[in-house]
Amino acid sequence: MKFRPSAILVCKIAGFARLSFVEKENNEFKILSEFLERFAPEVVGHCADEPPPEMQERLDRFVAGQCNEAEIEAVCVVLRTRPEWTNWVSSRVKSQRGADADADGSR
Amino acid sequence: MQFPGDHGADFELAQECLLGDERAIRTMQERCRTPLMQFLTGSGAGAVEAEEITESLFTDCTIGHGTRTARFEKYGGRCALLSWMKTIALNELISVRRRQATHRTAVEMAEGAGSNPGETGDLPFQGAVETAVAPADATLPVIMKTALQKALGECQASELVMLSLVHLKGLTQREVAELWRWDEPRISRALRRTMQHIAERTLRHARATDPWLEIGWRDFVQLCQTADSSLFE
């Protein structure tokens, strides 16, 4: 499938614009979070506990994309009170990146 | 000495001002006077008020007062000097407004008790003046923190977790889309909508504390970046 050069150029410009908007949002939320960390020392974080087994099961379903809307909200309510478990979720997702890349490479 | 974000020159300038270098002090004032005054008037200060706060800030930054050291001694070059000074200036504007509100309330109470506040002598009541209008005696970071926490408290848990996964934990929008079983554009719209709500609600809560405070979201974020507890000691 061939694209006209002007169409390709428009897509590239839109891509750059979108990227800079995402970067701006990224920066803003990070700035707000760091500000709260500096000025809300009364928020005591739990040490880097792993979620208990029954919670890991729920989080694994969430990571696998197997939760419906209500289940997602319930999981997020827990993650909001235990933000350190968000690290656990993101680690699980990131560990799949290597597996996905290998699977793509072997096709 | 390493300075994040290339603020080494600002740090050097502040240090030279502290040493009493008149050329450096003049440079600092010329560079910062107009932006500071524009920032203050944009935040609700009158022109004269903005000028007074700015000139007073210049003095406080370079000369100590009583037990308080010159403010520039607390500037570590972690952010732009102008941004740092804007934070202090806005906090001073808030303090000025509170003192005015306290005085107005005291005058109203005295007049209500049949006294003429213009006369010399004691007011006809004892004890501390209760301020009916002025907000709690909070510094700027406390106002900002409270407003932001309230705004975040009004978000749904899923909205905050989504923001956190993408903007703090480094997941891609595609990966988050798979968790939610949405497509990527929907994730993007949700993230943008949540940030917009946070901005609107935060500013609304800040204004509820200080109704005259006219601050835009961009300024608020910049203040979050530069605000440091040592600024207000």
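A biologist questions a modeller about the contact between chain B and chain A in a predicted model.

Modeller: Residues are numbered from 1 along each chain as its sequence is written, and chains are lettered from A in the order in which they are written. In this predicted model local features need pLDDT of at least 70, side-chain atom pairs count only at pLDDT 80 or more, and totals for chains, interfaces and linings use all residues, while side-chain values use heavy atoms, with hydrogens and water left out.

Biologist: What makes a residue part of the contact, and how many residues does each chain give?

Modeller: Contact means heavy atoms within 4.5 Å. Chain B gives 41 residues and chain A gives 36 residues.

Biologist: How do you know what area chain B and chain A bury?

Modeller: Buried area is the accessible area (1.4 Å probe) that two parts lose on being put together, summed over both. For chain B and chain A that is about 3,500 Å². Carbon and sulfur atoms hold 65% of it. His167(B), Lys169(B) and Leu179(B) supply 18% of the area that chain B buries against chain A, more than any other three residues.

Biologist: Why is the pair Glu175(B) and Arg97(A) called a salt bridge?

Modeller: The rule wants a side-chain nitrogen of Lys or Arg within 4 Å of a carboxyl oxygen of Asp or Glu. Glu175(B) and Arg97(A) meet at 2.5 Å, N to O, so the pair qualifies. The rule finds one salt bridge across this interface.

Biologist: Which elements of chain B give two or more residues to the side that touches chain A?

Modeller: They are α5 (140-153), α6 (157-167), α7 (173-180), α8 (184-209) and α9 (217-226) of chain B. Helices are DSSP runs (H or I, at least four residues), numbered from the N terminus. The largest share, eight residues, comes from α6(B).

Biologist: How do the residues on that side of chain B divide into nonpolar, polar and charged?

Modeller: There are 22 nonpolar, eleven polar and eight charged residues. Asp, Glu, Lys and Arg count as charged. Ala, Val, Leu, Ile, Met, Phe, Trp, Tyr, Cys and Pro count as nonpolar, and the others, Gly among them, as polar.

Biologist: What makes a residue buried, and which residues are buried in helix α1 of chain B?

Modeller: Buried means under 20% relative accessible area (1.4 Å probe, protein chains only). In α1 (residues 8-18) of chain B, Gly8(B), Asp10(B), Phe11(B), Leu13(B), Ala14(B) and Cys17(B) are buried. In chain A, 29% of the 107 residues count as buried.

Key. Buried means under 20% relative accessible area, exposed over 50%, partly exposed in between (1.4 Å probe, protein chains only).
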